[in-house]
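I opened this entry to look up the surface, the overall fold and the aromatic contacts, and I note what I found in that order.

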Amino acid sequence: MRINRHEGDDAPPIVIEGLVNRFGDVAVHDGLDLTVRRGEILGVVGGSGTGKSVLMRSIIGLQRPDAGRIDVLGRCITEADLDQGIGVRRRWGVLFQGGALFSTLTVGENVEVPLRKYYPDLRPELRAEIARYKVILTGLPEDAVAKFPSELSGGMKKRAGLARALALDPELLFLDEPTAGLDPIGAANFDRLTRELKETLGLTVFLITHDLDTLYEICDRVAVLADQKVIAVGTIPELIATGHPWIEEYFNGPRGRAAEASHLRGKE
């Protein structure tokens, strides 16, 4: 069931021009430009303090930039007030680091939160059925619907948070360090789930990660944040070809070489 899908629009779902974010005298972004293509999984990487999460928060309206323009799904987020932005906000879903679940609500009730907000007249039994479907869609057992976050493992909490992010059948999915804290098997399973959901539901995915395996396995392109801007965006081979010192160190260091070797073995 798709509650809210806008077909036939091939324009880039996210276009950022001249973004500036400051905290006091410190500029985190200064003239940042980025275009996200429809239907891709875009990985976002950068060193500590480069503003990866600030960038995501700016796109979803939680951070008001000091300057610049952000267009999301054809609407200018930076010029819209809250009421104007609601029509766009229901077209994306967000998985924050750690899941950000409400501890006093069950998994099913957590998934129902956005449904209650945007569709208050939805019948309770239909709302509960949608929540159940979303929980199963993310690979959780059906009995997880009635569990509280404290009863879940770290990986299950991530999937529950993902189920809530998918509650409104979004076109855009934002993932902030989705595999952080997971063991290698759990991280690989989450990567596969992300790719499968992207292909099945036609999602565009904006993914902040430090996980080199994730970058190699599921990202169509990677955007690199440094020097207060996006210094490069492309496939991993294209990024390495730029010769930028930070990119070289990141992808050609021991962990980067190991992730690449693992990726190549998986293709054999």
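I began with the surface: in this predicted model, the chain exposes about 12,600 Å², of which carbon and sulfur atoms supply 51%. I then looked up burial, and found that buried residues make up 50% of the 268 residues in the chain.

For the fold I noted ten helices and ten strands. Taking contacts between residues at least 6 apart in sequence, I found that 67% of them join residues at least 24 apart.

Next I turned to the aromatic rings, where the structure holds five aromatic pairs. I looked up Trp92 and Phe174, whose ring centres are 6.1 Å apart and whose planes stand at 85 degrees, so I entered the pair as edge-to-face, planes over 60 degrees apart being the criterion. Because Trp92 belongs to strand β6 (residues 92-95) and Phe174 to strand β7 (residues 172-176), this pair ties together parts that are 82 residues apart in sequence. I checked accessibility as well: Trp92 counts as buried at 8% relative accessibility, and Phe174 counts as buried at 1%.

The rings of Tyr250 and Phe251 have centres 5.0 Å apart and planes at 80 degrees, so I recorded this pair, too, as edge-to-face. Tyr250 and Phe251 are both buried, and together with Tyr216 and Trp246 they form one aromatic cluster.

Last, I looked for charges over rings, and noted that Arg90 lies over the face of Tyr119, 5.7 Å from the ring centre, while the charged end of Lys117 sits over the ring of Tyr118, at 5.5 Å from its centre.

Key:
Residues numbered from 1 in each chain as written. Predicted model: local features only at pLDDT ≥ 70, side-chain atom pairs only at ≥ 80, totals over all residues. Heavy atoms only, no water. Helix = DSSP H or I, 4+ residues; strand = E, 2+ residues; numbered from the N terminus. Buried < 20%, exposed > 50% of the residue type's maximum accessible area, 1.4 Å probe, protein only. Contact = heavy atoms within 4.5 Å. Areas by Shrake-Rupley, 256 points an atom, 1.4 Å probe, with all protein chains shown as cover. Phe/Tyr/Trp six-rings, centres within 6.5 Å; stacked < 30°, edge-to-face > 60°. Lys NZ or Arg CZ within 6 Å of the ring centre and 35° of its normal.
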